[in-house]
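Here are my notes on the model below. They are numbered so that you can reply point by point.

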Amino acid sequence: MQEQDKRAVESMCRCGLDIDGVIALFPRFSREDIVLIYEAAKGVACGEKSV
């Protein structure tokens, strides 16, 4: 995944989409990469759920 791809995923995360919505928008990227970016953008530590 290139840096500009990471920024695009990060932008969608910050727009309020849930993780499933972001994954659906970027089907060619690995789920694991998207989850890591999502968690970083939302400020959620790995394994924690936001309340």
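1. Phenylalanine 26 is buried, at a relative accessible area of 15%. Buried here means under 20% relative accessible area, exposed means over 50%, and partly exposed lies in between, with a 1.4 Å probe and protein chains only. Phenylalanine 29 is buried too, at 13%.

2. How many aromatic pairs are there? The count comes to one. It joins phenylalanine 26 and phenylalanine 29: the ring centres are 5.8 Å apart and the planes lie at 20°, so the pair is stacked. The rule takes rings of Phe, Tyr and Trp (its six-membered ring) with centres within 6.5 Å; planes under 30 degrees apart are stacked, over 60 edge-to-face, and the rest tilted.

3. A word on the source. This is a predicted model, in which local features need pLDDT of at least 70 and side-chain atom pairs count only at pLDDT 80 or more, while totals for chains, interfaces and linings use all residues. Residues are numbered from 1 along each chain as its sequence is written, and side-chain values use heavy atoms, leaving out hydrogens and water.

4. Confidence next. pLDDT is the predictor's confidence in each residue, from 0 to 100. The protein has a mean of 83, and 84% of its residues reach 70 or more. Among the elements, H2 has the highest mean, 92, and H1 the lowest, 89.

5. The fold has three helices and zero strands. From the N terminus the order is α-α-α. Elements are DSSP runs numbered from the N terminus: helices are H or I with at least four residues, strands E with at least two.

6. Both phenylalanines belong to the largest nonpolar core, which has 10 residues. The others are Val9, Cys13, Val22, Ile23, Ile34, Ile37, Tyr38 and Ala41. Helices H1 (3–14), H2 (19–25) and H3 (31–42) each give two or more residues to this core. H3 gives the most, with four. Such a core is a set of buried Ala, Val, Leu, Ile, Met, Phe, Trp, Tyr and Cys residues joined through side-chain atoms within 4.5 Å.

7. Glutamate 10 deserves a look. It sits in helix H1 and is buried, at 18% relative accessible area. Setting aside residues up to four places away in sequence, glutamate 10 touches Ile37 and Ala41. Contact means heavy atoms within 4.5 Å. Seen from the other side, alanine 41 contacts Glu10, Cys13 and Arg14, leaving aside its neighbours within four places. Glutamate 10 and isoleucine 34 are 24 residues apart in sequence, yet 8.6 Å apart C-alpha to C-alpha.

8. Why is there no bond between cysteine 13 and cysteine 15? Their sulfurs are 9.0 Å apart, too far for a bond. A disulfide requires cysteine sulfur atoms within 2.5 Å, and the structure holds zero. The burial of the two cysteines is worth noting as well. Cysteine 13 is buried, with a relative accessible area of 0%, whereas cysteine 15 counts as exposed at 59%.

9. Last, the totals. Of the 51 residues, 27% count as buried. The accessible surface comes to about 3700 Å², with 52% belonging to carbon and sulfur atoms; areas come from the Shrake-Rupley method with a 1.4 Å probe, and for residues only the protein chains shown count as cover. Of contacts between residues at least 6 apart in sequence, 38% join residues at least 24 apart.
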